[in-house]
Amino acid sequence: MKLRTYLNTFTKDELIDVYRKLELSGYSKCKKAELIDHIVTYLNDEKTVRTRLTCLTKDQLSIYQKAMKQPISPSIRVANSVAHLTDQLVGCLDDYTNDFYVFDEIVQTFHSVYDDEFKYEQKRKGWLMDCIQFAIKYYGLVPVEVLHKLYKQMIDGDVFEMMHVFNEIPIDIARCGFFTFNELGASDWDKNDPLCSDIGLIISYELFEFNIVSQTLNGQGMKPFYIPSVKEINELDNYGYEINSPQYRSLKNYLAKEYDMNDFETQRLCVTIWDMNNNSYSFGEIISFLTEHVVELEDTKQADIFINYVMQAYNNTRVIYNRGYKPTELRSQSDSNVIRAGRKYSSNPDKHPETIHRRVNQDDLCPCGSGKPYDQCCGKYKS
């Protein structure tokens, strides 16, 4: 597969978006063919290949090298890494087979730069990208010192060495930036706040893009940061969700048995549910989506069983509003420390939907926060 052939399928506006993403300049007067020439030349440059491909995580690099030998067939195991490789424009998915192919031009250049120095850089930058991806998903914004706690589990070096590595990662790959408190206009930040840092913060650009920085801070409050194990960080990178969670395993097994789904279908649905949970959809929104688009509930009994499986997963998902903690891990603390905020926010930042940790009976109030009885709200879904 040729990169040039792939780019020929893009519109001129899409190519300009690629230009901007790569922080290239001088595109305003270029014709489509010229844009393609410039992008191919840039992405095939040895310095560019070394800079960008050393940012691949261990799993992404392994999949890339396997795809150099033969196309990679679609599966949940590789989907997360393949999506990242495609986004980096080092490969693409075939429109018909959905197999992942790498671009021939970049493969040739990769062979010329894949040396001991490349491996040294990739070990550090790749692991830091693993840590950054976890931080973006579960923190949104994080003190440099907390990110270093994740990083030092695999790489020796102080926080300043880590920041040197961070500064070598292109912005479009890191998808986050470093900000001092002075730059944020917050030099008098509360020293007792877990977010306080002597160095500065790493902040996901997505929070700025959707204008939800303040909203995220209000939701997180004074909660501490959850520090994951290396295994947990790798799990998110490899599978895109908490595949080893007992609650998600139970949900996956239930879906396979009750709805005769194959392994790919059940894992894909678990990823969807996890992603909605992690992105703070309300419980009611998740159930509404699933019953409208995915499953048919034949009666109240089946609905009750299904909703409780989803609820257990819901209450055992690490979320950004808990700084990586599960609601069940914080439920022993005060109510303000266990927040599962939905996408519809109250004008009062102290009011959030209640977290449920028990089985729902027919005459209970619905856990989605509607105020209606369960059997008149989420419990009524039928085919």
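**Entry 1: the sheet**

I started with the sheet in this predicted model. It is an open sheet of three strands, and I read the order as 3-5-4, with antiparallel pairing. Which strands are at the edges? They are strand 3 (141-143) and strand 4 (176-179), each of which pairs on one side only. From one strand to the next, the twist averages 20°.

Next I looked at how strand 4 meets strand 5 (residues 201-204). The two run antiparallel and are joined by four bridges. For a place to put my finger on, I picked Phe-178, which stands opposite Ile-202 in strand 5.

What packs on this sheet? I found helix 9 (residues 144-151) there, touching strand 3, strand 4 and strand 5. The direction of helix 9 makes about 85° with that of strand 3.

**Entry 2: helix 14**

I then went to helix 14 (residues 230-239) to look for buried residues. Ile-233, Glu-235, Leu-236, Asp-237 and Asn-238 are buried there. I noted that this list holds Glu-235 and Asp-237 alongside Ile-233 and Leu-236.

What covers the buried residues of helix 14? The cover includes helix 5 (58-69), helix 6 (76-87), helix 8 (116-138), helix 9 and helix 16. Helix 9 is a name I had already written down, as the helix that packs on the sheet.

I also checked what comes after helix 14. Gly-240 follows, and its phi is positive, near 85°.

**Entry 3: aromatic rings**

A search of the whole structure gave me 19 aromatic pairs. I took Phe-110 and Phe-118 as my example: their rings are 5.5 Å apart, centre to centre, with 90° between the planes, and the pair is edge-to-face. Are these two residues buried or exposed? Phe-110 has a relative accessible area of 2%, so it is buried. Phe-118 counts as buried too, because its relative accessibility is 0%.

Ring pairs can also link up into a group. I found one such cluster, made of Phe-134, Tyr-138, Tyr-139, Phe-225 and Trp-274.

Then I looked for charges over rings. Arg-124 lies over the face of Tyr-120, at 3.8 Å from the ring centre. Arg-318 lies over the face of Tyr-226, and there I also noted 3.8 Å from the ring centre.

**Entry 4: salt bridges**

Side chains of opposite charge can pair when their charged atoms come close. How many salt bridges does a search of the whole structure find? I counted ten salt bridges, and I followed up a few of them.

The pair I opened with was Asp-37 and Arg-4, with the closest N and O atoms 2.4 Å apart. It links distant parts of the chain: Asp-37 is in helix 3 (residues 32-43) and Arg-4 is in helix 1 (residues 3-7), 33 residues apart. Asp-37 counts as partly exposed, at 34% relative accessibility. Arg-4, at 35%, counts as partly exposed as well.

Another pair is Asp-87 with Arg-175, at 2.3 Å from N to O. Asp-87 lies in helix 6, while Arg-175 lies in the loop between helix 11 (171-174) and strand 4, so this salt bridge ties together parts that are 88 residues apart in sequence. I was glad to meet strand 4 again here, having seen it as an edge strand of the sheet. I noted Asp-87 as partly exposed, at 29% relative accessibility. Arg-175 is partly exposed at 43%.

I also looked up Asp-275 and Lys-137, whose side chains meet in a salt bridge of 3.2 Å, N to O. Asp-275 is in helix 16 and Lys-137 in helix 8, so parts that are 138 residues apart in sequence are tied together. Asp-275 counts as partly exposed, at 30% relative accessibility. Lys-137 is partly exposed, with a relative accessible area of 29%.

Which residues do shared partners join into one network? I found Lys-21, Asp-87 and Arg-175 joined in this way by salt bridges.

**Entry 5: Asn-279**

My last stop was Asn-279. I placed it in the loop between helix 16 (263-278) and helix 17 (283-293). Its relative accessibility is 26%, so Asn-279 counts as partly exposed. I also looked at its place relative to Tyr-321: the two are 42 residues apart in sequence and 9.1 Å apart in space, C-alpha to C-alpha.

Key:
Residues numbered from 1 in each chain as written. Predicted model: local features only at pLDDT ≥ 70, side-chain atom pairs only at ≥ 80, totals over all residues. Heavy atoms only, no water. Buried < 20%, exposed > 50% of the residue type's maximum accessible area, 1.4 Å probe, protein only. Pairing = 2+ DSSP bridges. Axes fitted to C-alpha atoms, helices over the stretch in contact; angles between N-to-C directions. Contact = heavy atoms within 4.5 Å. Phe/Tyr/Trp six-rings, centres within 6.5 Å; stacked < 30°, edge-to-face > 60°. Lys NZ or Arg CZ within 6 Å of the ring centre and 35° of its normal. Salt bridge = Lys/Arg side-chain N within 4 Å of Asp/Glu carboxyl O.
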